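I opened the notebook to look up a few things in one model. The entries are short.

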Amino acid sequence: SIAPFLLRLSTRDVEEPSTPVNSTRRNQFWLVSLGGICGSAVVFWVCRSETHFLGDGYQILKNLSDNVSSQIVWKYSAEYLQWLIFKLINGHSLTQARLAIQIVSIVSGIATIAVVLWSARKLGYSLLSSWILVLGLLSSGVSLMFFGYIETYPPLIFALTLVCLAGVL
């Protein structure tokens, strides 16, 4: 699925014409988008909640605080990310485990928005069209995963978005 992306990179002209207008528009796009990404991060953090998870969330919290893996192969990568953040914040309790999982969730959301914006820009979308694409994706319900969701799904959503966009590019 990454082959089209690599093919596009390898067949691209070495020197792309760069005019001050294109450079200014590119800078404006990323400056406004950075503001939007930061605004989204603040919304994800302020509106995070502990009520979006079901029974599995409690088990994930307990496993992380006890430094135990769930033994479910498809959860290893997400659990590893959560464990890394947990160790980074010197975690020992359920509260710190919850914070580590919420950080992974929120960062997954921020990364998803950034990747969608970058892909939209590579596809030639304008600033408005790029943000419409982001809002369309987030309004599908997937954004609930990025409000501190206590599960292993937020990194999965990011990875799926990345693979889908790599295929489109």
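The entries below go from the whole chain to one pair of helices and then to the cysteines.

I noted that this is a predicted model, where local features need pLDDT of at least 70, side-chain atom pairs count only at pLDDT 80 or more, and totals for chains, interfaces and linings use all residues. Residues are numbered from 1 along each chain as its sequence is written, and side-chain values use heavy atoms, with hydrogens and water left out.

**Whole chain.** I found 7 helices and 0 strands; these are DSSP runs numbered from the N terminus (helices H or I, at least four residues; strands E, at least two). Of the 169 residues, 34% count as buried (under 20% relative accessible area; exposed is over 50%, partly exposed in between; 1.4 Å probe, protein chains only).

**Helices 5 and 6.** I looked up the axes of helix 5 (residues 94-122) and helix 6 (residues 127-138), which come within 9 Å and cross at roughly 140°. Axes are lines fitted to C-alpha atoms, for helices over the stretch in contact, and angles run from 0 to 180 degrees between N-to-C directions. Helix 5 and helix 6 are therefore oblique to each other (not under 35 degrees, over 145, or 65 to 115). Among the residues that meet, I listed Ile113 and Leu117 in helix 5 and Trp131 and Leu137 in helix 6; contact means heavy atoms within 4.5 Å.

**Cysteines.** I found 0 disulfides (pairs of cysteine sulfur atoms within 2.5 Å). Cys47 is partly exposed at 44% relative accessibility, and Cys164 is exposed at 53%.
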